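I sat down with this one to look up how some helices pack and where aromatic rings pair up. My notes are below, for anyone at the bench who wants to follow along.

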Amino acid sequence: MRLVLASAIALQAFAFAPVVHAAGGDSNPPKPTNTTKKCLFGRVFDEAAGRCVKPNKSNFTEDQLYDAVRELAYDGQYVNAQDILRVMDQDDDRVLTYWGFTYRKMGELELANAFYENAITTNPDNILARSYMGQGFVSEGKTELAIEQWREIKARGGEGSWAEASLREAIRTGLTYSY
């Protein structure tokens, strides 16, 4: 019985992991690194150089830049996160999602929604963009639109993911997330 239960739990975790990763989401807030501890003005800590540097595609991978954006955004450094977003691939739905996220957190809801819509057009299965857009709708009091995004997340296989659960909780409580 224990083996069956353990196998079912492992299978469930495995089933949701690709959805969360593919959408660029993570169920945990980013851990602070030297990028937020030591760097200023949108710079990123370069481990090889041992210092904060201006980010570009020659010294960081797209995933490393994305992680830095996520970390800075979680830290409330939205303008610095946007400085990094500028050097990234503007056709990447994760980049479009975080443009939307940073603008939403800066109170630019219309602009945020335009970026979320572009992210969803680029990748209709981007459940993180749908969750963040829905959370924006919650903050605007547009619960029906938030529920539409929540249903869309579930229809796209995101039920039980962080994107689905965080939007469901935002709809229930009115509180939104910063990562």
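These entries cover one helix pair first and the aromatic rings after that.

**Entry 1, helix packing.** I kept in mind that this is a predicted model. I looked up helix H3 (residues 62-74) against helix H5 (residues 93-105) and found an angle of about 15°, with the axes 11 Å apart. Angles under 35 degrees count as roughly parallel, so H3 is roughly parallel to H5. The crossing of H3 past H5 is left-handed.

**Entry 2, who touches whom.** From H3, I listed Glu62, Asp63, Tyr66, Val69, Arg70 and Ala73 in the contact; H5 brings Arg94, Val95, Tyr98, Phe101 and Thr102. Sorting the residues of this contact gave me 6 nonpolar, 1 polar and 4 charged.

**Entry 3, a stacked pair.** I found 8 aromatic pairs in the structure. In one of them, tryptophan 99 and phenylalanine 115 have ring centres 5.7 Å apart and planes at 20°, so I noted the pair as stacked. Tryptophan 99 sits in helix H5 and phenylalanine 115 in helix H6 (residues 109-122), 16 residues apart. Both tryptophan 99 and phenylalanine 115 are buried.

**Entry 4, a tilted pair.** Next I checked phenylalanine 101 and tyrosine 132: their ring centres are 4.7 Å apart and their planes at 45°, so this pair is tilted. Phenylalanine 101 belongs to helix H5 and tyrosine 132 to helix H7 (residues 127-139), so the pair ties together parts 31 residues apart in sequence. Phenylalanine 101 is buried, at a relative accessible area of 0%, and tyrosine 132 is buried, at 0%.

**Entry 5, the cluster.** Which residues do ring pairs link into a cluster? I wrote down Tyr66, Tyr98, Phe101, Tyr132 and Trp162.

How values were computed: Residues numbered from 1 in each chain as written. Predicted model: local features only at pLDDT ≥ 70, side-chain atom pairs only at ≥ 80, totals over all residues. Heavy atoms only, no water. Axes fitted to C-alpha atoms, helices over the stretch in contact; angles between N-to-C directions. Helix = DSSP H or I, 4+ residues; strand = E, 2+ residues; numbered from the N terminus. Parallel < 35°, antiparallel > 145°, perpendicular 65-115°, else oblique. Left-handed = near helix turned anticlockwise from the far one by under 90°. Contact = heavy atoms within 4.5 Å. Nonpolar A, V, L, I, M, F, W, Y, C, P; charged D, E, K, R; others polar. Phe/Tyr/Trp six-rings, centres within 6.5 Å; stacked < 30°, edge-to-face > 60°. Buried < 20%, exposed > 50% of the residue type's maximum accessible area, 1.4 Å probe, protein only.
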